[in-house]
Amino acid sequence: MAERSLRGTNLSWLSFESDEGVTFSERRMTSYTCPNGHTTELPFSVEAEIPGLWECRCGKDAKLNNGPEPEAKATKHVRTHWDMLLERRSIPELEELLEERLTLLRQKRGEKPRKRSA
């Protein structure tokens, strides 16, 4: 086994490819600024579509300098438990259910039932 091993080479991280004969695409530098004042400069290919927002190292969204204003994403209305409940029941039905539950609770406590108000 020792005869077949390659001593003195690190095949896990060493690449034997070279950049010889490779032509890189033309690039342009773009800069982004976040609300905290951090500036990030990134190279993009001239053929690439430049994003309007880039995540800064602080985690906030940085805007493209001298670029168009990024499109605002459409936000979805957050449905609350009450909204979902109203999709299934009407207010009169909910009042009736509440009264039934309160009556059961009062009976368990040993209270006398109350007369329902109109």
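Biologist: What makes the contact between the side chains of Arg106 and Glu99 a salt bridge?

Modeller: A salt bridge needs a side-chain nitrogen of Lys or Arg within 4 Å of a carboxyl oxygen of Asp or Glu. Arg106 and Glu99 come to 3.9 Å, N to O, and that is within the limit, so the name applies. One word on the source: this is a predicted model, where local features need pLDDT of at least 70 and side-chain atom pairs count only at pLDDT 80 or more, while totals for chains, interfaces and linings use all residues. Residues are numbered from 1 along each chain as its sequence is written, and side-chain values use heavy atoms, with hydrogens and water left out.

Biologist: Why is Arg106 called buried?

Modeller: Buried means under 20% relative accessible area, exposed means over 50%, and partly exposed is in between (1.4 Å probe, protein chains only). Arg106 has 16%, so it is buried. Its partner Glu99 has 27% and therefore counts as partly exposed.

Biologist: How many salt bridges does the structure hold?

Modeller: There are three. In one of them, Glu69 and Lys63 bring their closest N and O atoms to 3.1 Å. In another, Glu87 and Arg79 have their closest N and O atoms 3.3 Å apart.

Biologist: Is Glu69 buried or exposed, and what value tells you?

Modeller: Glu69 is exposed, at 58% relative accessibility. Its partner Lys63, at 43%, is partly exposed. For the other pair, Glu87 is exposed at 54%, whereas Arg79 is partly exposed at 46%.

Biologist: Now the cysteines. Why do Cys56 and Cys34 not form a disulfide?

Modeller: In general, a disulfide is a covalent bond between the sulfur atoms of two cysteines. In this model, the name is given to a pair of cysteine sulfur atoms within 2.5 Å. The sulfur of Cys56 finds its closest cysteine sulfur in Cys34, 3.7 Å away, so the gap is too wide for a bond. For Cys58 the closest cysteine sulfur is in Cys56, 3.7 Å away, which is also too far. The count of disulfides is therefore zero.

Biologist: Which relative accessible areas do Cys56 and Cys58 have?

Modeller: Cys56 has 4% and is buried, while Cys58 has 34% and is partly exposed.

Biologist: How do you know that β1 and β2 pair?

Modeller: Strands are DSSP runs of E with at least two residues, helices are runs of H or I with at least four, and both are numbered from the N terminus. Two strands pair if DSSP finds at least two bridges between them. Strand β1 (residues 27-33) and β2 have seven antiparallel bridges, so they pass. Among the partners, Arg27 stands opposite Ser45 in β2, and Thr33 is matched with Thr39.

Biologist: What about β1 and β4: how many bridges do they have?

Modeller: They have two, again in the antiparallel sense, and two is enough to meet the rule. On this side, the bridge partner of Thr33 in β4 is Lys63.

Biologist: In which order do the four strands of the open sheet come?

Modeller: The order is β2-β1-β4-β3, with antiparallel pairing. β2 (39-45) and β3 (53-55) stand at the edges because each has a single partner strand, which leaves one side of each without a neighbour in the sheet.

Biologist: What lies between the two strands of the β1 and β2 hairpin?

Modeller: Five residues lie between them, and Gly37 in the turn has a positive phi of about 90°. Asn66, a residue other than glycine, also has a positive phi, near 55°. Asn66 sits in the loop between β4 (61-64) and α1 (81-88), and at 87% relative accessibility it counts as exposed.

Biologist: Last one: what makes the nonpolar surface patch?

Modeller: Trp13, Leu14 and Phe16 make it, with about 400 Å². Patch residues have over 30% relative accessible area and no salt bridge; nonpolar side chains (Val, Leu, Ile, Met, Phe, Trp, Tyr) are joined within 5 Å, and like charges within 9 Å. Trp13, in the segment before β1, has 61% and is exposed, so it passes the area limit.

Key
Accessible areas come from the Shrake-Rupley method with a 1.4 Å probe; for residues, only the protein chains shown count as cover.
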